[in-house]
Amino acid sequence: GTSTQGTSTQGTSTQGTSTQGTSTQGTSTQGTSSQEFYEAVKALNIKITTSLLQQYLLKYANQAALIIENVDELKTMYDACNKQSEAKLYS
């Protein structure tokens, strides 16, 4: 009686690994937006730090549509950061 109950399908049901967490609803448009953002940043032809990317993304945290639209601002932020670094380096 206890052997089948301890290893029942209830303990290993598909409920714990359902497709709810990996549904196409959450990844269909988000995947496209992520790819668009990646391509836009790649087109800037710059190597940015994680902190610069984080600073940019947090600026538009509540306005996701503007992240891709204003991606050129990331280049401006990159240039400003590098000018400050060079000024400190050679002073």
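## Leucine 74 and its surroundings

Setting aside neighbours within four places in sequence, leucine 74 touches six residues by name: it is in contact with Val41, Leu44, Ile46, Ile48, Leu52 and Tyr56. The structure you are looking at is a predicted model, and leucine 74 is a handy place to start exploring.

You will find leucine 74 in helix 5, which covers residues 72-89. Its relative accessibility is 0%, so leucine 74 counts as buried. One of its contacts, Ile48, also shows how the chain folds back: isoleucine 48 and leucine 74 are 26 residues apart in sequence, while their C-alpha atoms are 8.8 Å apart in space.

## The nonpolar core

Leucine 74 also belongs to a wider group. The largest nonpolar core holds 13 residues, and Phe37, Tyr56, Val71 and Leu74 are those with the most contacts inside it. Helix 2, helix 3 and helix 5 are the elements that each give two or more residues to this core.

Phenylalanine 37 deserves a visit of its own. With neighbours within four places in sequence left aside, its contacts are Leu53, Tyr56, Leu57, Ile67, Ile68 and Val71. Phenylalanine 37 has a relative accessibility of 16%, and because buried means under 20%, this residue counts as buried.

## Aromatic rings together

How many aromatic pairs are there? The count comes to two. In one of them, phenylalanine 37 and tyrosine 56 are stacked, with 6.5 Å from centre to centre and 10° between the planes. This pair links distant parts of the chain, since phenylalanine 37 sits in helix 2 (residues 24-43) and tyrosine 56 in helix 3 (residues 50-59), 19 residues apart.

Tyrosine 56 counts as buried, at 0% relative accessibility. Its ring also pairs with that of tyrosine 60: the centres are 5.3 Å apart and the planes stand at 65°, so this pair is edge-to-face. Why edge-to-face rather than stacked? The angle of 65° is over 60, the cut-off for that label, whereas stacked planes must be under 30 degrees apart. Tyrosine 60 is buried, as is tyrosine 56. Together, Phe37, Tyr56 and Tyr60 make up one aromatic cluster.

## A loop residue on the outside

For a contrast, turn to asparagine 45, which lies in the loop between helix 2 and helix 3. Is this residue buried or exposed? Its relative accessible area is 70%, so asparagine 45 is exposed. The backbone here has a notable feature too: asparagine 45 is not a glycine, yet its phi is positive, at about 60°.

Terms used:
Residues are numbered from 1 along each chain as its sequence is written. This is a predicted model: local features need pLDDT of at least 70, side-chain atom pairs count only at pLDDT 80 or more; totals for chains, interfaces and linings use all residues. Side-chain values use heavy atoms; hydrogens and water are left out. Rings of Phe, Tyr and Trp (its six-membered ring) pair if their centres lie within 6.5 Å; planes under 30 degrees apart count as stacked, over 60 as edge-to-face and the rest as tilted. Helices (H or I, at least four residues) and strands (E, at least two) are DSSP runs, numbered from the N terminus. Buried means under 20% relative accessible area, exposed over 50%, partly exposed in between (1.4 Å probe, protein chains only). Contact means heavy atoms within 4.5 Å. A nonpolar core is a set of buried Ala, Val, Leu, Ile, Met, Phe, Trp, Tyr and Cys residues joined through side-chain atoms within 4.5 Å.
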